[in-house]
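Trainee: Could we go through this model together, one point at a time? I would like to see the reasoning behind each answer.

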Amino acid sequence: MLKEGMKAPSFTLMDEKGNSHSLSDYKGKKVVVYFYPKDNTPGCTRQACAFAAAYEEFKQLDVVVIGISKDSQRAHANFIKKYDLPFILLSDPDRQAIEAYDVWKEKKLYGKVSMGVVRSTYVINEEGIIEKVFEKAKPDTNAAEILSYLKGE
């Protein structure tokens with residue numbers, strides 16, 4: 001897991017429309033990058049909907065919200081449409097950012113071991129430095145925890 005105070009790894013990934021987004025595009029802004037396992041699964045849907053519900057507050061704080069998973073651009077397009085998600089979702093099928101941010105880990109489910117994305121969130125400051133790390137983020141409380149942190153509560 002990357003640590004606070006480290007330079008955030010750069011990435012360039014595509015959104016659901018095929019538009020390229022690089023972390024450097026948002027220099028000068030605070031960015032919340034959250035990594036999640038899969039579109040349209042219960043936990044990931046709850047997490048995305050929580051970010052959507054809090055999106056106006058993030059905008060008021062001038063914070064960019066970006067979700068990243070291995071899902072395809074098409075899967076993201078369906079997920080965005082189904083839940084009316086107002087923030088950026090980026091597709092990382094080759095795990096470029098997922099591995100750079102060290103969230104591709106061994107996971108255990110019902111005794112079965114597999115590799116997958118561990119739900120994690122990074123707050124990156126205006127200079128591209130990791131300001132705060134939320135390891136093993138909880139889908140229901142992650143957005144609220146980040147807002148509390150950003151507001152200094």
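Trainee: How far is the sulfur of Cys-49 from the closest cysteine sulfur, and in which residue is that sulfur?

Mentor: Bear in mind that this is a predicted model, in which a search of the whole structure finds zero disulfides. A disulfide would need two cysteine sulfur atoms within 2.5 Å, and the separation here is too far for a bond. The closest cysteine sulfur to that of Cys-49 lies 11 Å away, in Cys-44.

Trainee: Is Cys-44 buried or exposed, and what is its relative accessible area?

Mentor: Cys-49 is partly exposed, with a relative accessible area of 30%. For Cys-44 the value falls under the 20% that marks a buried residue, so Cys-44 counts as buried, with a relative accessible area of 2%.

Trainee: How do helices α1 and α5 pack, and what is the word for their relative orientation?

Mentor: Helix α1, residues 42-53, and helix α5, residues 142-151, have axes 8 Å apart and an angle of about 40° between them. Because angles under 35 degrees count as roughly parallel and those from 65 to 115 as roughly perpendicular, the arrangement of α1 relative to α5 is oblique.

Trainee: Which residues of α5 are met by α1, and how many charged residues does the contact have?

Mentor: From α1, the residues Gln-47, Ala-50 and Phe-51 meet Asn-142, Ala-143 and Ile-146 in α5. Sorted by class, this contact of α1 with α5 has four nonpolar and two polar residues, and the number of charged residues is zero.

Trainee: Phe-51 also belongs to a cluster of rings; which residues are linked in it?

Mentor: A search of the whole structure finds 13 aromatic pairs. Ring pairs link Phe-51 into a cluster with Tyr-34, Tyr-36, Tyr-55, Phe-58, Phe-79, Tyr-83 and Phe-87.

Trainee: What kind of aromatic pair do Phe-11 and Tyr-101 form?

Mentor: Phe-11 lies in the segment before β1 and Tyr-101 in the loop between α4 and β6, 90 residues apart, so that the pair links distant parts of the chain. Both residues are buried. Their ring centres are 6.2 Å apart and the planes differ by 65°, and since planes over 60 degrees apart fall in that class, the pair is edge-to-face.

Trainee: Where is Lys-136, and is it buried or exposed?

Mentor: Lys-136 has a phi near 45°, a positive value in a residue other than glycine, and its place is in the loop between β9 and α5. With a relative accessibility of 61%, Lys-136 counts as exposed.

How values were computed:
Residues numbered from 1 in each chain as written. Predicted model: local features only at pLDDT ≥ 70, side-chain atom pairs only at ≥ 80, totals over all residues. Heavy atoms only, no water. Axes fitted to C-alpha atoms, helices over the stretch in contact; angles between N-to-C directions. Helix = DSSP H or I, 4+ residues; strand = E, 2+ residues; numbered from the N terminus. Parallel < 35°, antiparallel > 145°, perpendicular 65-115°, else oblique. Contact = heavy atoms within 4.5 Å. Nonpolar A, V, L, I, M, F, W, Y, C, P; charged D, E, K, R; others polar. Buried < 20%, exposed > 50% of the residue type's maximum accessible area, 1.4 Å probe, protein only. Phe/Tyr/Trp six-rings, centres within 6.5 Å; stacked < 30°, edge-to-face > 60°.
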